[in-house]
Each structure stands twice: as C-alpha cells, then as structure tokens.
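User: Please take a close look at one helix in this model. How does it sit among its surroundings, and what does it share with them?

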Amino acid sequence: MGSLNIGIAGCGIGGLAVATLLAKQGHKVALFDQFNAPSPIGSGLVVQPVGLDVLHTIGAAEHALRLGAKITSMEGFETPSNRKVLDVRYENGFGLAIHRASLFDALYQCARVAGCQIRANSKVQSTELQNGGRVITLSSGKVCGPFDLVIDASGANSPLSPLRAEPITYGALWGVVDWPASTALAQNQLQQRYHSADKMIGILPIGTMPDDDTPKATIFWSLRQKDFDTWQGAPLADWKAEATALWPDIAPFLSQITSHDDLTMARYKHGAMWKNFDTKLAFIGDAAHVASPQLGQGANMALLDAAALAEALAKHPLQTALPAYQKARRAHVHLYQFMSWGLTPMYQSDSKIMPWLRNWILAPLSKIPPFPWLLSKIGSGNIIPPIQRPRP
Ligand SMILES: Cc1cc2nc3c(=O)[nH]c(=O)nc-3n(C[C@H](O)[C@H](O)[C@H](O)COP(=O)(O)OP(=O)(O)OC[C@H]3O[C@@H](n4cnc5c(N)ncnc54)[C@H](O)[C@@H]3O)c2cc1C
C-alpha cells in the first residue's frame, strides 16, 4: 500500500502507539488532542506481558521498563479473616506496573522520533466523509483533512464513537504516594484487601516518574459512584480510620494523603462495539471498548488494538484492512469483556453471593492445576491469541 495520510483523534496510550507504528510504515500521521501540552494525568496501571510485546515492537519498552515496576504476583486477602482469596502469579514474565505519565513519556518520545505531528489544543468534535476522504472538525470550528483514514483513539468519552457503555455501580478513588521506607510490603506485588465486595483497598508499586527518581505507589479505594459526594463532604480522617481498620499496613501510605483532592474518582463503564470500523474510520482502545480495571487490561487492550490495526494496514489495502483489523481483535476483546463482566462483581459490588463464590469456589480452585496456569494466562492477557491471524 502507498503512503496514507492518517488523522488520529486522541494522543493517549492507544493513539501514540498506533501513530508510531504507522509512521514507521511510511504513512503521514497527525495526532489531535485536547490537552494544552503533553502532560498527562492519571495514576498507575499495569501493562501485561502481551502489551509489553507491543511496546517492544514500538521501541518504547526499554524506556518503560526503566521507569516502571515489575510485578510478579497479585494477592488479595479477605478481612477480618485474613484468608488469601486471590493469588495470581505470572508463570512466564511479569506485569509492568507504571504511572500513566511514565508510559505516556515512553510512547510520546517514540512518536516524535518516528515523525508524527502532534497537535495540542485540538479538541475533536466530529468527523465526516468529504472530498473522497474523511475530515476531522475541531471544537474551534477548524476542519482538518481530508485524511485517507481517521483513527478514533480519544478514549472512554470519545465524541466520535457510537459506543454507549453502561456505567458500573462502583468506581474507585485513585492516588499516587511515595513508597514509604517504613513499609514491609513487597515492591513486586499488587496487594488488595477486601471486606465482602463492598470494600476494597489496594496498593500497586509503580516505579518512578519521568522527572522524579522516588519510587511511587498507587493507592486505590473502591467506592460507589453515587457515594463520591458524601465521601468528599466527610472528614478525611473518617475514611483513613475505615481504611486502616481494614488493612493496618496501609497507614504509612495513607499518612501522605492530606486532602480529598489528593485522590481522583475514576468512574467505570462496561461495553464494547461489535463493529469497530466504518468507512475510512477505525476505533481503538477505550473508544471501542471499556471495562472495569479489575483484570488490568485497559492500556493493554489499546496497545493490542494499535498493533492489530497497524498489522492489518501493512498487509491489506485500506478497504480490506479495516475488516481484517476487526477480525484480528474481536474474539480477544469480547472474551475479556465477558470475563470482566463476570469477575468484577466478585470484587466490587453490593452482592453477597459473588464474594462468597470468590472466597469459597474461585479461591480454592485457584490452587488446583490447571487453574493457577489459567489465571496466570488470563492476567497476562493471552488466554487466547490477542491478535488472531489467518492460518497460512
Ligand atoms: C486523563 C486520564 C487519566 C487516566 N488515568 C488512568 C489511571 O490512573 N489508571 C488507569 O488504569 N487508567 C487510566 N486512564 C485510562 C487508561 O489510560 C486507558 O484505559 C488506556 O490507556 C486506554 O487507552 P486509550 O488510548 O484508548 O485512551 P486514553 O489513554 O484515555 O487516551 C485518550 C486521549 O484522547 C484525548 N481526548 C479525549 N477526548 C478528546 C477530544 N474530544 N479531542 C481530542 N482529544 C481527546 C485525551 O486527552 C487522551 O489523551 C486514564 C485516562 C485518561 C485520559
């Protein structure tokens, strides 16, 4: 295929990944983002082994590995019994826990080197077919293009995506603190504590930030979306007392949180598109599918979509590349959507049955072969091939 003129809405994880891969194939790529300057916010996330493979292909892995923390297992304990009810070990490799800003930094530098144009202050409003191509209209009224292909990578609140996802009852408060010198917690483990499924607190070591060598941790606290205002109105000390009663070891992390504003409420939704493309338009990442982060797959899925779309465009003419992209990702996306739908209420819900199933069915099963292997595969993101390829 000759060189294409490609416009990408959204300069996040998926947008930067696909932009770099396509620029390396010789296409002309422009990214549009609403941010004033590339300084992303957010907290920690986990790049699973399959996502790490994509970072290697892009050339961003070395940088990301220098900043992030290697996670070898995920553990969760029910309180007050202190029974271990989640025990997932990476059998091959590790998950890379990393601050979103650090992952962004690694990808952004690759996109710049690959020659992608990055246009800040460019909030995308809509896209239409025009003059034999597809244009992007910004909220300023400016029309950009026409492009041979527009890729929507503008995340969970995309103005271009027809996806109507269902809000999930629970979200979570997220914050970033320094890794305390006084803690005995391991820096290579994701740790969670639960009370039934209506309380959950977790600590994820995330390595360092691009401009700061101090090791950091992400802290998260499960909260019903409708309870956020009540939480904000109550004294912070009440919440700290509740969290410390659930997990006393969390105290040196919590002591660094001095204001409600140190935590951000993340609101989760669930849903996926059946058709992730239209004429000269492809959807990737959260614009195409969203789920709770319980399985730790959000950034991963965006990276895999980016790799699958770039691979389809390398192998096929544009017209058949988009259906090929959909075919390559459909099974993996929908399987993980299904697992997330089934597993999330075991950890975040008002149900009494789901945490009971977690404690008395899933936890004992997870110790009996082949379940430890199966759980490791689910967490790693490769329970089935993440990019389906036709048999030669
Ligand atoms: C600010 C922010 C913070 C986040 N924090 C976390 C976190 O702490 N932990 C976690 O697990 N996940 C977090 N996520 C989500 C996680 O990064 C995504 O699930 C994952 O990276 C999927 O990538 P994506 O490329 O589909 O979307 P994102 O990485 O979300 O990227 C979307 C990009 O599109 C841009 N954008 C949105 N609307 C428009 C528009 N109209 N015009 C132009 N640009 C637009 C956004 O500014 C963003 O740069 C965060 C996302 C964002 C945007």
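Analyst: The account below begins with the helix itself and then turns to its cover, the ligand and the nonpolar core.

This is a predicted model, in which local features need pLDDT of at least 70 and side-chain atom pairs count only at pLDDT 80 or more, whereas totals for chains, interfaces and linings use all residues. Residues are numbered from 1 along each chain as its sequence is written.

Helix α1 covers residues 13–24; helices (H or I, at least four residues) and strands (E, at least two) are DSSP runs, numbered from the N terminus. The end C-alpha atoms of α1 lie 17 Å apart, in agreement with the 16 Å expected for its 12 residues at 1.5 Å a residue (the expected span is 1.5 Å times one less than the number of residues). After α1 comes Gly 26, with a positive phi near 100°.

The helix is largely enclosed by the rest of the structure, because 11 of its 12 residues are buried (20 or more other C-beta atoms within 10 Å of a residue's own, with C-beta atoms placed from the backbone). The buried residues are Ile 13, Gly 14, Gly 15, Leu 16, Ala 17, Val 18, Ala 19, Thr 20, Leu 21, Leu 22 and Ala 23. Their cover includes the strands β1 (5–9), β2 (28–32) and β12 (149–152), together with the helices α2 (49–58), α4 (100–113) and α8.

The ligand is surrounded by 32 residues, of which the closest are Gly 10, Gly 12, Gly 14, Gly 42 and Gly 285 (a residue is near if its C-beta atom, placed from the backbone, lies within 6 Å). Two elements, α1 and α8 (298–315), give two or more residues each to this shell. Gly 14 is thus among the closest residues to the ligand and also among the buried residues of α1.

The largest nonpolar core has 112 residues, and those with the most contacts inside it are Ala 17, Val 18, Leu 107, Ile 284 and Ala 306 (such a core is a set of buried Ala, Val, Leu, Ile, Met, Phe, Trp, Tyr and Cys residues joined through C-beta atoms within 7 Å). The greatest contribution to this core, 12 residues, is that of α8. Ile 284 touches Gly 14 and Val 18, as well as Ile 151, Ala 153, Ala 302, Asp 305, Ala 306 and Leu 309, not counting residues up to four places away in sequence (contact requires C-beta atoms, placed from the backbone, within 7 Å).

Notes:
Two residues are in contact if their C-beta atoms, placed from the backbone, lie within 7 Å.
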